Amino acid sequence: DLVSIVDNYVSPRSLNKNYVVNFSTYYNKSFESRINYSNSYYDFSKVDSEYYQKQKIKQIGLGFDYHGKDFIDKVGALLKYTEAKGNNKYHEIGVKVYSKIVLNEDLLLNLSYNYSTKQQSSEEFFNNNFKANLSYKF
C-alpha cells in the first residue's frame with residue numbers, strides 16, 4: 001500500500017455530488033416562470049491531510065420570460081441566491097436581465113446584463129457585465 005510506504009502521500013481522491021430541481025410554469029404563449037434549486041457538495045483528499053478541502057453550495061433562483069411578437073422575441077429576468085459553506089464561505093445575490101430582439105428575419109440581437117454582490121468573511125465583492133451578441137443567419 002503506497003500510503004503506508006510514503007508518509008507525505010496525498011490521495012487524489014475526490015467526491016462530487018450535485019442535485020438540481022427545476023420547475024417551469026407556462027401561463028400562456030407569452031409568459032412563463034421557473035424556480036430552480038441546486039445543491040452541490042465537493043471534497044478532496046483525506047480528512048486528516050493539510051490539503052483537505054470541503055465545499056457545500058446551495059442555490060435557489062426565480063425567473064420569468066415574456067415572449068413577444070415581432071420586434072421583441074423574448075425579455076426575461078432571473079434572481080438567484082447562493083450560500084456556500086466549507087473552506088470558502090460566502091453569500092451571493094445575483095440578478096440577470098436579458099432580451100432577444102429580432103431586427104429583421106435574419107438579424108438577431110441578444111442583450112444580457114448580470115449583476116451580483118458577494119459577501120465573503122468581512123469583505124463584499126461586486127460583479128457586473130453587459131453582453132451584446134449580434135448574429136446574422138445566412
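**Note on the predicted model: strands, pocket and selected residues**

1. In this predicted model, V102 has L108 as its bridge partner in strand 6. That pair belongs to the antiparallel pairing of strand 5 with strand 6, which extends over 13 bridges, and the two strands are connected by a hairpin that passes through two residues.

2. Strand 5 also pairs with strand 4, again in the antiparallel sense, and here twelve bridges join the two. The link between strand 4 and strand 5 is likewise a hairpin, in this case through three residues. Within this pairing, V75 has S99 of strand 5 as its bridge partner.

3. S99 deserves a point of its own, as a residue of strand 5. Is S99 buried or exposed? With a relative accessible area of 16%, S99 counts as buried, because the cut-off for that class is under 20%. Once neighbours within four places in sequence are left aside, the contacts of S99 are with K74, V75, L109, N110 and L111; V75, named in this list, is also the residue whose bridge partner is S99.

4. The largest pocket holds about 190 Å³ of space. Its lining is made up of 15 residues, of which K80, G94, N114, Y115 and S116 are the closest to the centre of the pocket. The elements that contribute two or more residues to this lining are strand 4 (72-86), strand 5 (90-104), strand 6 (107-120) and strand 7 (123-136).

5. Which strand gives the most to the lining of the largest pocket? Strand 5 does, with five residues. Sorted by class, the residues lining the largest pocket comprise four nonpolar, eight polar and three charged ones.

6. Q55, which lies in strand 3, is a second buried residue to look at, with a relative accessible area of 14%. Leaving aside neighbours within four places in sequence, Q55 is in contact with S40, Y41 and Y42, and also with A84, K85, G86, N87 and N88. Q55 and F44 are eleven residues apart along the chain, and their C-alpha atoms are separated by 9.2 Å.

7. What lies 2.6 Å from a polar atom of the side chain of Q55? It is the backbone oxygen of N88, while the backbone oxygen of K85 lies 3.3 Å from a polar atom of that side chain. Both K85 and N88 also appear among the residues in contact with Q55.

8. Two loop residues may be checked for their backbone angles. Most residues other than glycine have a negative phi. D70, however, is not a glycine and has a positive phi of about 60°; D70 is placed in the loop between strand 3 (53-67) and strand 4. With a relative accessible area of 72%, D70 is exposed, because that class begins at over 50%.

9. S121, also not a glycine, has a positive phi of about 55°, and its place is in the loop between strand 6 and strand 7. S121 is exposed as well, with a relative accessible area of 76%. For a reader going through the model, D70 and S121 can thus be viewed together as non-glycine residues with positive phi, while S99 and Q55 can be viewed together as buried residues.

Note on methods:
Residues are numbered from 1 along each chain as its sequence is written. This is a predicted model: local features need pLDDT of at least 70, side-chain atom pairs count only at pLDDT 80 or more; totals for chains, interfaces and linings use all residues. Side-chain values use heavy atoms; hydrogens and water are left out. On a 1 Å grid over the protein atoms alone, a cavity is a set of points where a 1.4 Å probe fits but cannot get out, and a pocket is an open set with protein on both sides within 12 Å along at least five of seven lines; lining residues have an atom within 4 Å of a point. Grid points are joined across faces, edges and corners, and a volume is the space filled by probe spheres set on the points. Helices (H or I, at least four residues) and strands (E, at least two) are DSSP runs, numbered from the N terminus. Ala, Val, Leu, Ile, Met, Phe, Trp, Tyr, Cys and Pro count as nonpolar, Asp, Glu, Lys and Arg as charged, and the others, Gly among them, as polar. Buried means under 20% relative accessible area, exposed over 50%, partly exposed in between (1.4 Å probe, protein chains only). Contact means heavy atoms within 4.5 Å. Two strands pair if DSSP finds at least two bridges between them. A polar contact is a pair of N or O atoms within 3.5 Å; within protein, one must be able to donate a hydrogen and the other to accept it, and residues adjacent in sequence count only if both atoms are side-chain atoms.
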